[in-house]
Amino acid sequence: LSARSLQRKLSDADLSFSHLVRIVRIHEACRLLKESEAPITTIAFCAGFSDSAHFSRDFRAATGTTPTAFRDALSSQ
């Protein structure tokens, strides 16, 4: 698949490459928060974020909650 073909397919799905990467990173962070006891900063780096502040902002924008609150909600279930 060429770069241009990928760009067209993403455009057809109303996505940009950067938005797709963000979705995948948040999905991976959710998985790590569920399955790991690692610190939030470690999870941020493992999910591909450059720092924990950026991770927290993006995570809250995508999920409506902070990574810590997300993990706490999982542990109270």
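The exercises below, each with a worked solution, concern a predicted model of a protein chain.

**Exercise 1. Overall architecture**

Determine how many helices and strands the protein chain has, and in which order the elements run.

Solution. Begin with the count, which gives five helices and zero strands in the protein chain. Next, follow the elements from the N terminus on, where the order reads α-α-α-α-α.

**Exercise 2. Dimensions and surface**

Set the radius of gyration of the protein chain against the value for a compact globule of 77 residues, and then describe the box and the accessible surface.

Solution. As a reference, a compact globule of 77 residues would have a radius of gyration near 11 Å, whereas the protein chain has 14 Å. The second step takes the principal axes, along which the C-alpha atoms of the protein chain fill a box of roughly 45 × 25 × 20 Å. The third step turns to the accessible surface, which comes to about 5200 Å², with 54% of that area belonging to carbon and sulfur atoms. As for burial, 23% of the 77 residues count as buried. Finally, among contacts between residues at least 6 apart in sequence, 45% join residues at least 24 apart.

**Exercise 3. Charges**

State how far apart the mean positions of the positive and negative charges of the protein chain are.

Solution. The protein chain carries 10 positive and 8 negative charges, and the mean positions of these two sets are 6 Å apart.

**Exercise 4. The largest nonpolar core**

Identify the residues of the largest nonpolar core that touch the most other members, and say which elements give two or more residues to this core.

Solution. The core has 13 residues, of which Ala29, Ile43, Phe49, Phe55 and Phe59 touch the most other members. The elements that supply two or more residues to this core are helix 2 (17-35), helix 3 (40-46) and helix 4, and helix 2 gives the most, with five residues. To look at one of these members in detail, take Ile43, which, leaving aside its neighbours within four places in sequence, is in contact with Ala29, Leu32, Leu33, Ala38, Phe55 and Arg71.

**Exercise 5. Contacts of Ile40 and Pro67**

Locate Ile40 and Pro67 in their helices, and list what each touches outside its sequence neighbourhood.

Solution. Ile40 is found in helix 3, and, not counting residues up to four places away in sequence, Ile40 touches Leu33, Phe55, Pro67, Thr68 and Arg71. Pro67 lies in helix 5 (residues 67-75), and, with neighbours within four places in sequence left aside, Pro67 is in contact with Leu33, Ile40, Phe55, Ser56 and Phe59. For the distances, the C-alpha atoms of Ile40 and Phe17, 23 residues apart along the chain, are separated by 25 Å, while those of Pro67 and Gly48, 19 residues apart along the chain, are separated by 15 Å.

**Exercise 6. Classifying four residues**

Decide whether Asp58, Pro67, Glu35 and Asp14 are buried or exposed, and give the place of the three acidic residues in the chain.

Solution. The cut-offs are under 20% relative accessible area for buried and over 50% for exposed.

1. Asp58 lies in helix 4 (residues 52-63), and because its relative accessible area is 16%, Asp58 is buried. Leaving aside its neighbours within four places in sequence, Asp58 is in contact with Arg22, Ile26 and Phe49.
2. Pro67 has a relative accessible area of 2%, so Pro67 is buried.
3. Glu35 is found in helix 2, and with 59% relative accessibility it therefore counts as exposed. The C-alpha atoms of Glu35 and Arg57, which stand 22 residues apart along the chain, are separated by 21 Å.
4. Asp14 has its place in the loop between helix 1 (3-12) and helix 2, and because its relative accessibility is 71%, Asp14 counts as exposed. The phi of Asp14 is near 60°, a positive value in a residue other than glycine.

How values were computed. Residues are numbered from 1 along each chain as its sequence is written. This is a predicted model: local features need pLDDT of at least 70, side-chain atom pairs count only at pLDDT 80 or more; totals for chains, interfaces and linings use all residues. Side-chain values use heavy atoms; hydrogens and water are left out. Helices (H or I, at least four residues) and strands (E, at least two) are DSSP runs, numbered from the N terminus. Buried means under 20% relative accessible area, exposed over 50%, partly exposed in between (1.4 Å probe, protein chains only). Contact means heavy atoms within 4.5 Å. The radius of gyration is taken over C-alpha atoms; the globule rule is 2.2 Å times the number of residues to the power 0.38. Accessible areas come from the Shrake-Rupley method with a 1.4 Å probe; for residues, only the protein chains shown count as cover. Lys and Arg count as positive and Asp and Glu as negative; His and the chain ends are not counted. The place of a charge is taken as NZ of Lys, CZ of Arg, CG of Asp or CD of Glu. A nonpolar core is a set of buried Ala, Val, Leu, Ile, Met, Phe, Trp, Tyr and Cys residues joined through side-chain atoms within 4.5 Å.
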